[in-house]
Amino acid sequence: MTLQNQHILIGITGGIAAYKICELIRMFKKSGADVKVIVTPNALNFVTKLTLQNLSQNDVYEGEFTPKNWKPEHISLADWADIMLIAPATANTIGKIVQGIADNLLTSVACAFSKKMIIAPAMNCNMWQNVAVQNNLNILEGRGVEILPPDNGFLACGYIGKGRLCSLEKICSAVDEALNYQQILKGKKVVITSGGTIEDIDPVRYISNYSSGKMGLSLAKTAYDMGAEVVLVTTKDVEAPYKVTKVKSALDMQNAVNNEYDGSDIIIMAAAVADYRVKNYSEQKMKKGGNENLTLELVKNPDILAELCKKRQAPLPNPLPQGARENKIIVGFCAESENLIENAKEKISKKGCDFLIANDISRKDIGFGSDNNEVTIFDKNGGINKLEKASKQVIARKILEYITNE
Ligand code: CTP
């Protein structure tokens, strides 16, 4: 592990495992990191400020109202850190972070923190299993926070069960991996679309599809963890630490993606875009009257992916608009229920994208709505690479590594 010059901010809350963090600080310091520590008032019941100060070779931060420079402490600490680790994290602090409560320095920094956060909870096993605590952890995970679950074993409260702070080695490697990982796409802007578009028929009816948006969401989370500036253009409600643009129809999605086009380095069209929309949207709810049959006239939606690829072929404006990026990577997805290889090969050349990620939607154990996926990556030069069945998170990581390594 080398953490040379990395800024690690450790938040310690009031749990008996606080004493273990002394050793953790030594491990981080030995590998070259600069460490600053924030304590909650209760943490100081278990460990002293002097110990933490000596080990971290930095001031230990506790109060919010003793600023040493013009910037409020919670902002300058949040700006300083490359990563924030909260260990041990009590159920109380976890709950406050979820709710955005900022009633001490640690929770205020957490509230102002927009980079990678890792939380290592430690508590009594019954508290750990409490539905509210588990819900809170799920919410944080959804916001991009990495949770290191506690281990099983003897607990300080006398119980035996799940609740012990996970091993220090595990915490170290999670921090190490996160810091190295966030270098991979640093400085890159990645635009990802997700979800099925919704094409209105009248104020109460629409045409859509079964896309859950999970694959696009996993890609967005992974790209964010890899250090990219992420924009997720989605038809779903998403709470995330990166920019989310909610859209409805294919036309809305096209507008939103076009707005991000110039500044983007990678565009991934994971959305299931409706190929058609109704020709004449009815402002009023359509009445069935005496009709036995109803025919809706549909018109073709633009092919967002194909048009992006066409736009890329056009000569670049000279000078380039401010912030515009050259050499974009454009990636499409394709959902096929038969002849996957033939259809995917034809699609990649027809659309003109660099990569096409092909999904076999005839399989019920993967794809639409599932947490798992198995895809085949086709590249424009004829390369084919199959990714074995895995969680959408793992598949997302492999896709991003693949398309940025080619
Ligand atoms: N796509 C798009 N705009 C559309 C339709 C599709 O940008 N109007 C994109 C999707 O986001 C996906 C890729 O094109 O990245 C392929 O989508 P898919 O539905 O598999 O292909 P289609 O072009 O719709 O072809 P078909 O429905 O005939 O299989």
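These are my notebook entries on a predicted model, covering overall build, domains, cores, one strand and several salt bridges.

**Entry 1. Overall build**

I began with the whole protein, for which I noted 13 helices and 20 strands. I took the extent of the C-alpha atoms along the principal axes and recorded a box of roughly 75 × 55 × 45 Å. I then looked up burial and found that 48% of the 406 residues count as buried. For contacts with a separation of 6 or more, I recorded that 67% are between residues 24 or more positions apart.

**Entry 2. The two domains**

I noted a division into domain 1, residues 7–180, and domain 2, residues 189–405. Taken over C-alpha atoms, the centres of the two domains are 37 Å apart. I asked how many residues of each domain are in contact with the other. The count is 10 residues of domain 1 and six residues of domain 2.

I next looked up the area buried between domain 1 and domain 2, which is about 570 Å². Carbon and sulfur atoms give 33% of that area. On the domain 1 side, Lys116, Arg143 and Gly144 supply 54% of what this domain buries against domain 2, more than any other three residues. I also recorded three salt bridges across this interface.

**Entry 3. The nonpolar cores**

I turned to the largest nonpolar core and counted 35 residues in it. Phe28 and Ile171 have the most contacts inside this core. The elements that give two or more residues to it are strand E1 (7–12), helix H1 (20–30), strand E2 (34–39), strand E4 (83–89), strand E5 (116–121) and helix H8 (168–181). I noted that H8 provides the largest share, seven residues.

I listed the contacts of Ile171, leaving aside its neighbours within four places in sequence. Its partners are Leu24, Leu85, Ala87, Ala120, Leu148, Leu165 and Cys166.

Another core lies apart from the largest one and has 31 residues. I wrote down Met215, Ala220, Tyr224 and Tyr402 as being among them.

**Entry 4. Strand E5**

I examined E5 separately and asked which of its residues are buried on each side. Lys116, Ile118 and Ala120 are buried on one side, and Met117, Ile119 and Pro121 are buried on the other, so that both faces are covered. Six of the six residues of E5 are buried, and the strand is therefore largely enclosed by the rest of the structure.

I then followed the pairing of E5. E4 and E5 run parallel and are joined by five bridges. Within that pairing, Leu85 has Ile118 of E5 as its bridge partner. E5 also pairs with strand E6 (residues 146–147), in the parallel sense and over two bridges. Here Ile118 stands opposite Glu146 of E6.

**Entry 5. Salt bridges around Lys116**

I counted 22 salt bridges in the structure. I looked first at Lys116, which forms a salt bridge with Asp225, the closest N and O atoms being 3.6 Å apart. A network of salt bridges links Lys116, Glu146, Lys221 and Asp225.

**Entry 6. Salt bridges between distant parts of the chain**

I recorded a salt bridge between the side chains of Lys243 and Glu260, at 2.7 Å from N to O. Lys243 lies in strand E13 (residues 243–246) and Glu260 in helix H10 (residues 250–261), 17 residues apart. I checked the accessibility of both residues. Lys243 has a relative accessibility of 45% and so counts as partly exposed, whereas Glu260, at 8%, counts as buried.

I next looked up Glu297 and Lys279, whose side chains meet in a salt bridge at 3.6 Å, N to O. Both residues lie in the loop between strand E15 (276–278) and strand E16 (298–300), 18 residues apart. Lys279 is partly exposed, with a relative accessible area of 46%.

The last pair I noted is Asp354 and Lys380, with the closest N and O atoms of their salt bridge 3.0 Å apart. Asp354 is in the loop between helix H12 (340–351) and strand E18 (355–360), and Lys380 is in the loop between strand E19 (372–379) and strand E20 (384–391). The two residues are 26 residues apart. I asked whether each residue is buried or exposed. Asp354 counts as buried because its relative accessibility is 7%, and Lys380 is exposed, with a relative accessible area of 54%.

Key: Residues numbered from 1 in each chain as written. Predicted model: local features only at pLDDT ≥ 70, side-chain atom pairs only at ≥ 80, totals over all residues. Heavy atoms only, no water. Core = buried A, V, L, I, M, F, W, Y, C linked by side-chain atoms within 4.5 Å. Buried < 20%, exposed > 50% of the residue type's maximum accessible area, 1.4 Å probe, protein only. Helix = DSSP H or I, 4+ residues; strand = E, 2+ residues; numbered from the N terminus. Contact = heavy atoms within 4.5 Å. Pairing = 2+ DSSP bridges. Salt bridge = Lys/Arg side-chain N within 4 Å of Asp/Glu carboxyl O. Domains from an automatic or database assignment. Buried area = accessible area lost by both parts, 1.4 Å probe.
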